[in-house]
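Open the model in your viewer and keep the selection tool handy. We'll go stop by stop.

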Amino acid sequence: MLPVKKSQSAYRTLEEIRQRKDELLDQMQADNKQFTTVWNQIFVKRENNTKGDYIASLVTNSVTVIDLFLLFRKLRKNYKSLFGKKR
């Protein structure tokens, strides 16, 4: 959410300042509530994983690691100067 820029107005009384302060407090509380909701949606705890899910995630992660290792080896072979090895 982008901040809303309001034009600055000259406050003439303490009551106007208090009203603006209350408005800002309400906006901050609404933004905090929205932020908390989004934060909790992003970081959801995974519970009740079965052994099948655990093994599937291990296999997936292992394949990813092997793939990255092979990619790094290939890049290192083709671009030795980038990795500090000169022959």
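Here is the tour, from the whole chain down to single side chains.

**Before you click.** This is a predicted model, where local features need pLDDT of at least 70 and side-chain atom pairs count only at pLDDT 80 or more, while totals for chains, interfaces and linings use all residues. Residues are numbered from 1 along each chain as its sequence is written, and side-chain values use heavy atoms, with hydrogens and water left out.

**Whole chain.** Colour by secondary structure: you'll get two helices and zero strands. (Helices are DSSP runs of H or I with at least four residues, strands are E runs of at least two, and numbering goes from the N terminus.) Now show the surface. About 9,300 Å² is exposed, with 58% of that coming from carbon and sulfur atoms; the areas are Shrake-Rupley values with a 1.4 Å probe, and for residues only the protein chains shown count as cover. Of the 87 residues, just 1% are buried. Buried means under 20% relative accessible area, exposed means over 50%, and partly exposed is in between.

**Helix α1.** Select residues 14-42. Pick Glu23 and Arg20: they form a salt bridge, with the closest N and O atoms 3.5 Å apart. The cut-off is a side-chain nitrogen of Lys or Arg within 4 Å of a carboxyl oxygen of Asp or Glu. The two partners sit three residues apart in α1, about one turn of the helix. The structure holds one salt bridge, so you can stop hunting after this one. Glu23 is partly exposed, because its relative accessibility is 39%.

**Negative patch.** Next, select Glu15, Glu16, Asp22 and Asp26, which gather as negative charge on the surface. Patch members have over 30% relative accessible area and no salt bridge, with like charges joined within 9 Å and nonpolar side chains (Val, Leu, Ile, Met, Phe, Trp, Tyr) within 5 Å. Asp26 belongs to α1.

**Nonpolar patch.** Move on to Phe35, Val38, Trp39, Ile42 and Phe43, a surface patch with about 560 Å² of accessible area together. Phe43 is in the loop between α1 and α2 (51-78). Is Phe43 buried or exposed? Phe43 has 54% relative accessible area, so it counts as exposed.

**Positive patch.** Last stop: Arg73, Arg76, Lys77 and Lys80 gather as positive charge on the surface. Arg76 lies in α2 and, at 37% relative accessible area, is partly exposed.

Note on methods. Lys, Arg positive; Asp, Glu negative; His and termini not counted. Charge placed at Lys NZ, Arg CZ, Asp CG, Glu CD. Buried < 20%, exposed > 50% of the residue type's maximum accessible area, 1.4 Å probe, protein only.
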